[in-house]
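Let's take a walk through a protein model together, beginning with one helix and then moving out to the places where chains meet. Keep the picture in view as you read.

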There are 4 protein chains.
Amino acid sequence: MTEKKGIKIVTIGGGSSYTPELIEGFIKRYDSLPISELWLVDIPEGEDKLNTVGALAQRMVEEAGVPMKIHLTLDRKEALKGADFVTTQFRVGLLDARAKDERIPLKYNVIGQETNGPGGLFKGLRTIPVILDIVQDMEELCPNAWLINFTNPAGMVTEAIYRHSNWRKVVGLCNVPVGMKMGVAQMLDVDADRVHIDFAGLNHMVYGLNIYLDGENVTETVIKKLTSGEASMTMSNIMDLGWQPEFLQSLGVLPCPYHRYYYQTGRMLEKELEEAADKGTRAEVVQALENDLFELYKDENLRGKPEQLEKRGGAYYSDAACNLIDSLYNDRKDIQPVNTMNNGAIASIPNDSAVEVNCVITKDGPKPLAVGDLPVATRGLVQEIKSFERVASEAAVTGDYKTGLLAMTINPLVPSDHVAKEIFDEMLEAHKDYLPQFRHLEVTQ
Amino acid sequence: MTEKKGIKIVTIGGGSSYTPELIEGFIKRYDSLPISELWLVDIPEGEDKLNTVGALAQRMVEEAGVPMKIHLTLDRKEALKGADFVTTQFRVGLLDARAKDERIPLKYNVIGQETNGPGGLFKGLRTIPVILDIVQDMEELCPNAWLINFTNPAGMVTEAIYRHSNWRKVVGLCNVPVGMKMGVAQMLDVDADRVHIDFAGLNHMVYGLNIYLDGENVTETVIKKLTSGEASMTMSNIMDLGWQPEFLQSLGVLPCPYHRYYYQTGRMLEKELEEAADKGTRAEVVQALENDLFELYKDENLRGKPEQLEKRGGAYYSDAACNLIDSLYNDRKDIQPVNTMNNGAIASIPNDSAVEVNCVITKDGPKPLAVGDLPVATRGLVQEIKSFERVASEAAVTGDYKTGLLAMTINPLVPSDHVAKEIFDEMLEAHKDYLPQFRHLEVTQ
Amino acid sequence: MTEKKGIKIVTIGGGSSYTPELIEGFIKRYDSLPISELWLVDIPEGEDKLNTVGALAQRMVEEAGVPMKIHLTLDRKEALKGADFVTTQFRVGLLDARAKDERIPLKYNVIGQETNGPGGLFKGLRTIPVILDIVQDMEELCPNAWLINFTNPAGMVTEAIYRHSNWRKVVGLCNVPVGMKMGVAQMLDVDADRVHIDFAGLNHMVYGLNIYLDGENVTETVIKKLTSGEASMTMSNIMDLGWQPEFLQSLGVLPCPYHRYYYQTGRMLEKELEEAADKGTRAEVVQALENDLFELYKDENLRGKPEQLEKRGGAYYSDAACNLIDSLYNDRKDIQPVNTMNNGAIASIPNDSAVEVNCVITKDGPKPLAVGDLPVATRGLVQEIKSFERVASEAAVTGDYKTGLLAMTINPLVPSDHVAKEIFDEMLEAHKDYLPQFRHLEVTQ
Amino acid sequence: MTEKKGIKIVTIGGGSSYTPELIEGFIKRYDSLPISELWLVDIPEGEDKLNTVGALAQRMVEEAGVPMKIHLTLDRKEALKGADFVTTQFRVGLLDARAKDERIPLKYNVIGQETNGPGGLFKGLRTIPVILDIVQDMEELCPNAWLINFTNPAGMVTEAIYRHSNWRKVVGLCNVPVGMKMGVAQMLDVDADRVHIDFAGLNHMVYGLNIYLDGENVTETVIKKLTSGEASMTMSNIMDLGWQPEFLQSLGVLPCPYHRYYYQTGRMLEKELEEAADKGTRAEVVQALENDLFELYKDENLRGKPEQLEKRGGAYYSDAACNLIDSLYNDRKDIQPVNTMNNGAIASIPNDSAVEVNCVITKDGPKPLAVGDLPVATRGLVQEIKSFERVASEAAVTGDYKTGLLAMTINPLVPSDHVAKEIFDEMLEAHKDYLPQFRHLEVTQ
């Protein structure tokens with residue numbers, strides 16, 4: 001990558017409603033991150049959305065007056081040629097599949113969530129073969145590019161790339177840590193850049209081990225605020241049922257919003273059942289939001305990111321992604337929490353597994369800070385999810401029925417082997433169009 | 001310990017209904033294990049039982065014609081002086097406490113079990129301070145003795161001794177592995193000594209990683225039999241609801257009966273609730289059995305172990321204990337599965353934690369065989385229980401309310417932080433007479 | 001391997017002067033180890049010796065009256081077909097090559113020894129490609145056989161098999177640990193079976209961490225005896241210059257004879273130079289012994305192992321080998337120190353590296369006992385040799401000049417990078433006929 | 001530490017000839033590092049030098065016009081009260097002791113060097129008790145201060161603090177890594193801030209694992225230059241004898257200048273012997289330099305750091321120290337190579353040991369970047385030195401003769417146990433005034 005020519009970025013799943021966030025971020029950083037070509041790629045089923053989003057992107061770029069060329073295409077290979085960065089934000093099976101990931105488990109009194117439990121497993125089973133295809137294309141067409149993956153379940157997807165390909169230039173990215181940092185800043189009523197958090201764990205299972213304000217450790221203060229009812233901190237898609245105060249104080253670290261599914265399984269399930277009956281699952285709510293957004297995007301007078309996008313749930317995604325790309329490109333050596341290879345950073349997690357951890361971001365990739373042992377009370381859960389991710393990613397690649405069922409059964413949100421089998425079978429059938437690797441089953445069973 | 005003099009053994013909780021099993025085992029092995037003194041120790045509340053059991057023991061020894069002297073005492077210190085082996089099989093709070101450990105969680109739709117979940121936690125909280133007292137006495141009165149602990153939760157108790165005392169001559173003993181081996185032998189219709197199992201994990205969370213018949217690996221065959229309905233394998237106190245076949249085949253290792261609580265949580269809970277309503281909890285069933293047993297023991301014509309003792313649930317305890325003591329005493333270097341310090345045997349478990357693993361039993365203690373990494377699908381659960389045991393043992397020693405609550409909340413059988421708090425508070429109150437270390441709470445809260 | 005048919009054993013390097021030891025061992029154990037066929041294999045250059053040794057073997061078997069059939073062949077593949085055990089005791093380049101391994105380093109004031117330092121490296125470079133060929137043949141011709149390797153450097157050879165083949169049924173065997181045990185028994189004037197030593201480390205770098213007599217730890221006593229001049233302990237090929245007493249007492253573990261090269265480098269070198277000038281290097285001495293032995297072997301009246309064989313240096317090899325094969329075959333589960341895969345037994349050594357450590361010997365192979373951390377003062381040296389073995393085995397396989405030089409330079413017996421280069425170049429030239437993998441150098445350099 | 005008041009810094013060994021470097025650094029950074037009080041502490045024997053240096057410091061501060069108050073004192077406790085940073089740069093026994101550390105080993109044909117081999121051991125034995133005294137004072141008088149230790153052997157000293165005190169706010173600092181970076185920059189003819197090196201290892205045994213120029217990996221290029229004779233890189237006190245090219249290329253990482261003692265032991269020894277005979281040991285050369293420097297310092301017209309100081313050998317010390325203090329104070333989160341607790345950063349080194357590794361410097365201290373496994377060829381040497389440092393620091397604290405001898409014997413520069421004993425005894429006698437912890441020996445031996 002010579003600095004003379006501009007940067008070429010390819011966004012797979014470019015027709016996503018999130019894309020305007022990304023465009024905005026690129027425009028803001030144009031001076032340090034001179035993108036000359038941005039290729040938005042999508043699949044035929046997404047062509048309309050791609051065109052709508054692409055046209056908006058074009059107007060945004062024009063409005064900003066930056067010389068960034070927007071390309072729209074359904075031909076991934078054409079787009080990938082010579083790319084410097086590839087971002088992935090696609091959703092195999094679209095929101096319909098997500099709705100199934102959420103609805104089916106609920107029928108069995110099990111958490112229905114797109115990145116955790118049975119839903120997370122099936123999202124992984126659908127996504128991993130596609131990402132491995134992309135990686136294979138990249139090996140041929142842009143072997144020096146970085147893959148920045150936003151597609152969930154980002155931890156399992158990154159794990160799968162490490163275990164089932166030779167591609168190493170991948171960073172898994174999530175807006176949860178930045179959301180936690182913003183939440184803490186708000187809670188303390190300070191600018192976010194005065195807050196620093198030692199993040200460590202796995203994707204959607206990341207803890208804030210220490211929280212600093214201007215370098216002073218304020219972890220206890222923050223946890224007190226969180227447990228006193230003074231402050232809340234969650235994401236638009238996860239209900240805040242309040243933490244049991246003494247428990248959280250004794251845990252002594254900041255959980256992420258998704259930890260609620262594990263530390264409050266019963267209560268979250270009740271709430272979910274209520275909400276699903278009441279206003280639909282999250283996918284169903286988001287579907288409506290998306291339709292509204294695309295209506296807005298079509299407005300030819302809209303030449304910037306509409307405010308309504310914030311409700312969509314991806315807050316800070318753009319910032320996280322653009323900051324990461326900027327630091328990789330400019331060798332900034334700043335600290336960002338990303339999904340990368342453990343390499344000994346977190347004790348007891350295999351060196352070649354994906355973890356979500358603070359890293360120094362260099363041109364040569366993210367270098368994790370050594371965490372050592374996680375606090376004893378958090379280790380088991382982290383190991384359970386890592387085991388789950390590893391078994392799940394093996395199932396995604398092999399299409400082996402029993403391995404998939406094993407992943408489902410060892411997931412801590414699934415209450416028993418027999419229920420696991422029932423859910424697994426129903427979901428396998430429901431998603432079968434997107435799980436070709438399991439298709440041999442139809443013959444052999 | 002000079003071999004000239006006979007061996008002195010002290011059994012704390014000597015009034016237990018299990019004692020005749022032990023006596024029988026000692027008598028059978030008298031030639032290689034020449035016990036000259038056996039001290040049965042109990043607390044004042046157990047004096048009647050102690051006298052009954054002690055008299056039976058006396059008759060058994062006489063009948064067998066071995067020169068083993070039986071001493072009965074309520075004075076632990078007197079008994080411990082110069083002991084060679086100390087076995088512990090006491091139950092703080094007796095079966096009444098166990099009944100509470102089983103009943104209270106069920107009120108909250110949580111597994112009620114004496115060694116797992118909330119019940120296991122509270123049994124640990126009651127037991128650990130007592131075992132640490134015993135260890136302190138041993139340091140003074142019999143510093144060269146081995147402590148053989150049968151008292152449950154044996155894993156947590158052994159962990160507590162490693163972390164909160166300097167005593168290292170302790171072995172935690174459980175009849176689960178020997179039960180699994182016997183079960184496999186029966187299933188294969190062969191003599192048990194042709195079967196060998198590579199045991200590894202934690203107490204009541206031990207797996208059979210490989211099963212051998214005459215040295216040939218038959219793991220797959222055994223699992224096939226278990227999942228085909230051809231064979232069952234459990235313990236008298238744990239229902240066999242049948243394993244989901246594909247899950248177990250994919251797990252690829254032999255679970256222990258207690259694993260059902262984790263891999264079949266929902267179904268076990270339903271069954272437990274049914275049975276509790278129907279015929280009472282296990283403690284209540286056992287109480288009746290015990291009353292019957294003691295009636296039998298009182299019969300002066302009884303001069304051996306009555307057959308009915310088998311139903312009591314402690315099958316193979318005597319064999320396990322006597323074999324262990326025999327191998328320690330005679331430096332036999334045979335392989336036995338016991339709870340001992342990990343010392344690197346199981347990867348990812350701290351070196352100074354207790355594990356249940358195959359060991360070579362020498363005069364210098366058990367030496368674990370290296371296991372390396374556990375199969376990936378089993379790691380998370382093992383880590384969760386180890387985290388739980390460590391936090392729980394800290395709570396037992398410090399009497400810290402929040403630490404206790406933390407242990408309860410991170411236990412995988414407890415569905416949420418709020419339920420954890422409710423159960424914890426109710427159990428703390430119910431057991432308060434046996435939890436003096438938590439008593440300062442009454443003042444400060 | 002069905003027990004009905006007798007056992008088929010193949011000995012590669014069957015023309016070795018050691019073979020009668022092995023034959024004697026097999027005859028003694030015929031009842032438990034019913035060998036029906038013993039194939040002695042050698043290379044054309046060794047045909048005469050093979051015939052001499054084979055004829056003696058035949059006479060020994062007849063004398064003993066056991067129905068063991070002796071086959072002599074130069075066709076390795078024919079021999080390997082359907083073998084149950086393959087033992088390897090060949091020497092690539094014969095004693096001539098050994099003499100060079102010993103002589104050349106001495107010219108540079110560097111220890112000249114066949115298994116340590118430059119000599120060990122070149123012995124490894126010559127041997128590893130041959131052993132990997134054998135393993136390849138075994139994969140095809142006797143995939144269920146065990147390979148028992150005596151060929152030195154046994155640690156490096158075992159490491160190479162683990163890293164550069166998929167063969168796992170290999171045990172590296174050395175007579176050093178059994179020699180240490182015998183030495184201790186003699187020193188304490190007791191039967192060897194009352195002595196037990198916790199062996200751990202690497203081949204020719206193994207420590208006795210604890211020494212037991214009848215199960216009681218007597219390590220300190222033994223070290224006192226060793227350092228007081230009361231007792232000596234070495235092997236026929238290693239001079240005993242006496243340990244510095246306070247050093248050894250502080251080290252606190254029993255070193256093996258080869259440790260002298262590392263802890264007494266300067267003094268051993270002086271002595272070696274003296275002896276080489278005086279009576280020749282060890283290879284030269286051994287050559288004479290061998291000639292004498294083969295003269296004896298030719299005597300048709302000799303129908304058993306001649307006494308003079310003891311001087312040859314391989315004391316206890318036969319016992320070590322036969323005991324190992326017996327325990328593997330009969331699933332004895334006794335403890336023997338062998339070279340096997342670490343699998344976590346010794347902390348800080350990679351799990352997939354070869355270590356020399358006490359193992360339980362089962363039909364399924366050796367299972368190492370967990371050692372945990374080696375004593376701190378011993379760790380560095382062990383790590384250095386393991387690094388050396390790994391780099392050396394890579395050089396042996398790739399024939400890469402620089403990798404070979406790297407191995408030489410990081411060996412702790414080599415005093416500098418420039419001397420390393422000089423020795424490496426001279427030895428590469430001297431041994432070039434046996435190092436075909438390095439031959440491309442002639443062209444490219 | 002409230003930011004309102006200025007910073008209080010205490011420099012122990014303030015009379016050192018290096019102090020003007022430090023003063024210059026503090027003056028340059030006054031804006032971001034507003035030091036209000038600088039206390040220079042020394043011992044009575046150093047009073048004259050302290051006064052000379054102190055007067056120069058005073059003139060430098062005046063010349064610069066910064067409101068930094070200079071205090072000179074022999075009373076360490078008075079100085080430490082309420083300090084924010086304490087820097088240590090003392091030399092127990094002064095240059096006379098160093099001369100002995102260099103001269104005595106040479107008599108035995110062993111490297112004589114102040115931080116490696118026997119000299120390093122004795123410098124550690126003299127220094128560690130003093131640093132532990134300082135730490136004890138700090139616990140009482142300035143419990144929130146950071147200790148920045150420059151006193152060599154910095155690795156062993158930091159290790160001793162971790163193992164033999166509860167003080168954790170310590171950073172060991174060395175100018176070797178910054179010297180390597182400067183050397184590379186010079187070699188590539190670029191500004192140093194375009195160069196980044198992944199440092200990892202131990203103090204005076206640190207490797208540059210990867211070298212980057214503007215984020216691009218140029219390790220191979222740098223090594224080529226180093227081995228082609230195009231460029232050299234060393235320190236003023238270490239001769240550059242040239243690396244053996246193929247060796248270094250195969251090692252594949254950048255060694256530090258001190259690695260020469262290990263990879264070129266024989267040649268370095270020869271050179272040392274020559275130089276010692278010729279112009280004296282380094283201490284003797286430095287003594288002359290120091291005398292000249294102090295003559296200069298006395299000149300009342302001198303109001304800045306004299307140029308001649310550069311020759312003294314401590315190049316970049318001031319920059320390293322001031323940058324570190326600045327980053328700690330201002331929570332800069334930049335990357336600096338320092339000696340800190342491993343915490344899992346380097347695999348196979350204990351978590352609680354000191355390592356020299358790239359860290360993110362925060363107000364909460366240095367956070368090491370995860371290195372994972374060191375390259376295989378470098379592991380042994382690093383482990384040997386770590387073992388040596390641990391045994392040595394134990395000897396320093398306990399004053400145990402045998403432990404000291406053990407440290408000496410396992411040092412890779414010492415050729416045999418008997419030579420170790422001779423050197424150890426002579427050095428113990430030579431330094432006895434500074435080794436009170438060993439003094440009981442006079443009575444007991």
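This is a predicted model, and our starting point is helix α1 of chain C, which spans residues 19–28. Is this helix mostly covered or mostly open? It is mostly covered, with eight of its 10 residues buried. Those buried residues are C:Thr19, C:Pro20, C:Glu21, C:Leu22, C:Ile23, C:Gly25, C:Phe26 and C:Ile27.

What do they pack against? Within chain C, the buried residues of α1(C) have several partners: the strands β1 (7–12), β2 (35–41) and β4 (85–88), together with the helices α2 (47–64), α12 (282–298) and α13 (317–330). Try finding each of these elements in the picture before you move on.

Now let's step back and look at whole chains. Two copies of a chain are related by a rotation about an axis and a shift along it. For chain A and chain D, a turn of 180 degrees with a shift of 0.0 Å along the axis lays one on the other, with an RMSD of 0.0 Å. The two copies are therefore related as by a two-fold rotation axis. The same surface serves both copies, since 100% of the contact residues of chain A recur in chain D.

How many residues are in contact between these two chains? There are 23 from chain A and 23 from chain D. The size of an interface is often given as the accessible area lost when the parts come together. Between chain A and chain D, about 1,800 Å² is buried, and carbon and sulfur atoms give 53% of that area.

The contacts between chain A and chain D include one salt bridge. In it, D:Glu216 pairs with A:Lys363, and the closest N and O atoms are 4.0 Å apart. Eight residue pairs are in polar contact across this interface. On the side of chain A that touches chain D, the elements giving two or more residues are β7 (195–202) and β12 (365–368) of chain A. The residues on that side divide into eight nonpolar, six polar and nine charged.

Chain A also meets chain B, where 38 residues of chain B are in contact with 38 residues of chain A. The area buried between chain B and chain A is about 3,300 Å², with 61% of it given by carbon and sulfur atoms. Which residues of chain B lose the most area to chain A? They are B:Gln244, B:Lys402 and B:Asp417, which together make up 16% of what that side buries.

Four salt bridges are counted between chain B and chain A. One salt bridge between these chains joins the side chains of A:Lys421 and B:Glu246, at 4.0 Å from N to O. There are also 20 residue pairs in polar contact between chain B and chain A. The helices α9 (245–251), α11 (265–279), α14 (376–398), α15 (401–410) and α16 (417–430) of chain B each supply at least two residues of the side that touches chain A. The largest share, 10 residues, comes from α14(B). That side of chain B divides into 15 nonpolar, 15 polar and eight charged residues.

Finally, let's see which chains stay apart. No contact joins chain A and chain C, and their closest C-alpha atoms lie 13 Å apart. Chain B and chain D do not touch either, with their nearest C-alpha atoms 13 Å apart.

Note on methods:
Residues numbered from 1 in each chain as written. Chains lettered and ligands numbered in written order. Predicted model: local features only at pLDDT ≥ 70, side-chain atom pairs only at ≥ 80, totals over all residues. Heavy atoms only, no water. Buried < 20%, exposed > 50% of the residue type's maximum accessible area, 1.4 Å probe, protein only. Helix = DSSP H or I, 4+ residues; strand = E, 2+ residues; numbered from the N terminus. Contact = heavy atoms within 4.5 Å. Least-squares fit on C-alpha atoms with pLDDT ≥ 70 in both. Buried area = accessible area lost by both parts, 1.4 Å probe. Polar contact = N/O pair within 3.5 Å; in protein donor to acceptor, adjacent residues only side chain to side chain. Nonpolar A, V, L, I, M, F, W, Y, C, P; charged D, E, K, R; others polar.
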